[in-house]
Structure formats: structure tokens, C-alpha cells
Amino acid sequence: MTKISEGKKLEKELAFSFKNIAKEEPEKLKDAIKFCEGYKEFLNKGKTERECVSYTEKLLKDAGYEPFEPDMSLSAGDKVYYVNRGKGIIASTIGKKALTEGVRFNIAHIDSPRLDLKPNPMYEKEELAYLKTHYYGGIRKYQWATIPLSMHGVVYLKNGEKVELSIGEKESDTRFVITDLLPHLSAKQNERPLKDGIKGEELNIVIGSVPYADDDVKNAYKLMALKLMNEEYGITESDFMRAEIEMVPSVKATDIGFDRSMIGAYGQDDRVCAYTAVMAEIKTKSPEHTTVTVLTDKEEIGSEGNTGMASEFLHHYMEDLCDIFGVKVRNVYRRSTCLSSDVNAAYDPTFSDVFEPANASFINHGPVITKYTGARGKSGSNDASAETMAAVIKIMDDNKVYWQIGELGKVDEGGGGTIALFMGNKDVDTVDVGVPVLAMHAPFEITSKLDVFYTYKAFRAFYK
Ligand code: MN
Ligand code: MN
């Protein structure tokens, strides 16, 4: 028998450290790998917020969800969904308890950093045709050059017809690219600070190199690109002003590592929480509290606009829901709990000096509960209360879900925000929970399959 020293015993009693799931329960990786096949499909099918909504709507319909109508009658176990302008979606399973006992909100965002086309994007310069972009969300611009890009979006033609674009996803599709200098000629560019390695107005997308064969045409390269777009999609130049076109990495979600324990993909912030939230929503059959799962848009640019969480779209849904049950929405909010489900930065051993290891989130330690975000002294943060932390940690522990705590980097190293403050401002107890991500906001982000799986488990427990 090994003798445990007094100190060791005391340490076990009083001290605490988070566990690595891969070390504690390596056999769980099999379940995680299986679960993540559906996640990879979700990522590949949803490269934009609109595509995520379409795919999610299909998943919900297949699971028996009905479109929400304000004049419908609902009872426990019923499942409904509501689409907000094709860019956001809300799904609910009616609980056994009255709404006034509080609902369980789980909110993730499905917009990701990318390059949007400008409203008047086409031009040519010295025998190449181009599209001008305006980046959306926080990107490190130099990361977006010399990678294959695909074009997604919607265009309204003058006659009102809606054209949907998805170019660069199929193997046989053509792709687009932003150029960068060769090392031989980049001596001057190398002197720029990294943030200016590629500047905003240098994020220009090459779309053609063959001119329209007519010497009388001044912009023959641009014209050729227009002609081909017109033949294929019926678009003319002015239609770009009635469009939302997003250039995204054309890479597919793929396994990473010899052990296939990780996923590399574009847009995991925050489609990783969106997928896990939707899967938990679908699997929830007869919850105590009514579930309100929200996939929202515009988080990456501050949640403004009528598809973002700063708007009233969720509030209006809640008012309609409350009307059906004859209760006041304020009596529901103040007793509700919200998981603001968003990713956090995983500790990166290569760039360890921006993290404070005791309060950083780690790959394979499970979903990260982020008490507060913000910058310069928690500014712009929801800062969850001790009561909210206690309630959410209890749900995790009672259901044997691995979890960890995390801050977004060292104090004063930078910072960021989520949608948490908008729910807090509605009088709802809110805390951030999500998956740790390596290389967040890069065209290719990395997550761990165990973390994805245990985030799903956490959301299942929350909806019990
Ligand atoms: Mn996010
Ligand atoms: Mn983000």
C-alpha cells in the first residue's frame, strides 16, 4: 500500500486543477470523432451565415420542428423555429415548467471574419481583372493573401430575381486569390509592421486575365469577367449594388494530427458553438425549462443591425412566445439563464507570452466558461455574477461534463467581446461558454474534437 503524505492529502482536499480529457478518458475520443463528422459537414455546408441558416433549418425540419407562428398554441415538448431574414434562426422546445420559471437561452453566432465585396467592386489594372473587398470582422490581413478563396452570397437582379452564388467549393470549381510579393522583391514590404503586411486596399481579388477581343473596348479584361458572370449567373455590373457577396477560404474542414484529434477549418468561431447548440436543441425532448437556441449574425462587427443581438429580433420572438402563454416577457427574462456560447483563445505554446496560464483555456480541457471578456479593465463585458457562475458550474458538475475556466489573454494584452452583454442588458443571467480555438479568426482555425464533443454535452446538460 502506498502511503499518501499529509501534505498530499491536504492538497487534494484544498487545491484544484483542471483535467485533460485526453489523459483522463482517452477512450472518449472515439465518440468525439464520430460526433465531429456531422460538425465537419455543417462547416462545409455553411460558409456564410445565410448558408448556416439554410442548413440548420433543414436539420430542424428533419427533426420535426414547425415554423413558429404568433397565433399558434403550444404545449410542453412542442418544437418550433423562426428564421430572421435568412441570417439568423431561433429554435425552441417548450418546457414542462411555465415560462415564468425562466427559459434557457443558448446563443451562438454564425457570422465569421471574411472579405466582403465592395458595392462597386469590379475594376481592371494592367491587364488583370479584379474585385475590391472590404474586410468584415477582425482579421490579420496578411493571412488572407495567396490562399484559394471561394465566392458566396446573394445578388438581386434588376427584375427582382434572387441569384445565390457558391463558387469554389466543388473540386471542379474555379477559385479566386489575393496576390502577395515574392521574397526576392519584398525588402521594403518586410519593413512594414505585421499589421500592414497586406493593407486593406491591397486585399484585391484576381478574377481574370483574358481580355474581351475588341480593340475598341477600354476595359476589355473587366468586360470579359462581366461577360462570363453574365452568361453563368445573369449578373450585370450594377447588380453588385444589390448584393451581399462574401469571399471565404475555399478550404474544407479536415482532421488534424496523426491522432485525428483536432479539426482544421474556416469559420469555427463561432459555428462550433452553433452546431453543438443546435444538436443539443434537437436532442432535447422534454426539458424542464423552455429552450431558446439562437444562431445570430453580426457578432464579429459588434452585433448591430436587425440580424445582430443588439437588435430586438429575439425580444420580439420572446414577446410573441409570452403572448401565447399569457405571461409578461419581463417576468421570463429575470428568471432566465443564458449561455453566450462563443469560442475563447486556446493557450498556444508557441506564443505563450500573451497568455496567463492559470487562467487560460487549453485544448482538450473541455468547454471554457469565460466569466468576463472585454478590454482595459473588463470594459464592455457582461462579467457574470458569482451566482451565475455557481449555477452553471453546478450543471456541469452534476452531469459530469469536463469544463475549464478561461480569460482572453493576459490583462492588457488585448481583448474582445461577445453577445453576452446584450443578454445581460435584457435582465438575463448570462455567462460565456464555448470551445477553445487555436489561431482564432485565421482563415484556418483549429479546435479539439474532445472539446467540441464536451461542449455539446455541456449544452445537453443545460437543456435537461
Ligand atoms: Mn465569436
Ligand atoms: Mn470572433
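## Aromatic contacts in a predicted model

Tyr317 is buried, with a relative accessibility of 2%. The model is a predicted one, so take what follows as a look at where its aromatic rings sit according to that prediction.

Tyr317 has a ring partner, Tyr82: the centres are 6.1 Å apart and the planes meet at 40 degrees, so this pair is tilted. The two come from distant parts of the chain, with Tyr82 in strand S2 (residues 79–84) and Tyr317 in helix H7 (residues 313–325), 235 residues apart. Unlike buried Tyr317, Tyr82 is partly exposed, at 32% relative accessibility.

Searching the whole structure turns up 20 aromatic pairs. One of them is Phe16 with Trp403, a stacked pair at 6.5 Å centre to centre and 25 degrees between the planes. This pair also bridges distant stretches: Phe16 sits in the loop between helix H1 (6–14) and helix H2 (21–24), while Trp403 sits in the loop between helix H9 (386–398) and strand S18 (404–405), 387 residues apart. Is each partner buried or exposed? Phe16 is exposed at 61% relative accessible area, whereas Trp403 is buried at 12%.

There's a cluster to look at, too: Phe35, Tyr39, Phe42, Tyr55, Tyr275, Tyr402, Phe453, Tyr454 and Tyr456 group together as one aromatic cluster.

Finally, some charged side chains lie over ring faces:

| Charged residue | Ring | Distance to ring centre |
|---|---|---|
| Arg114 | Tyr136 | 3.6 Å |
| Lys378 | Tyr372 | 4.0 Å |

Note on methods
Residues numbered from 1 in each chain as written. Chains lettered and ligands numbered in written order. Predicted model: local features only at pLDDT ≥ 70, side-chain atom pairs only at ≥ 80, totals over all residues. Heavy atoms only, no water. Phe/Tyr/Trp six-rings, centres within 6.5 Å; stacked < 30°, edge-to-face > 60°. Helix = DSSP H or I, 4+ residues; strand = E, 2+ residues; numbered from the N terminus. Buried < 20%, exposed > 50% of the residue type's maximum accessible area, 1.4 Å probe, protein only. Lys NZ or Arg CZ within 6 Å of the ring centre and 35° of its normal.
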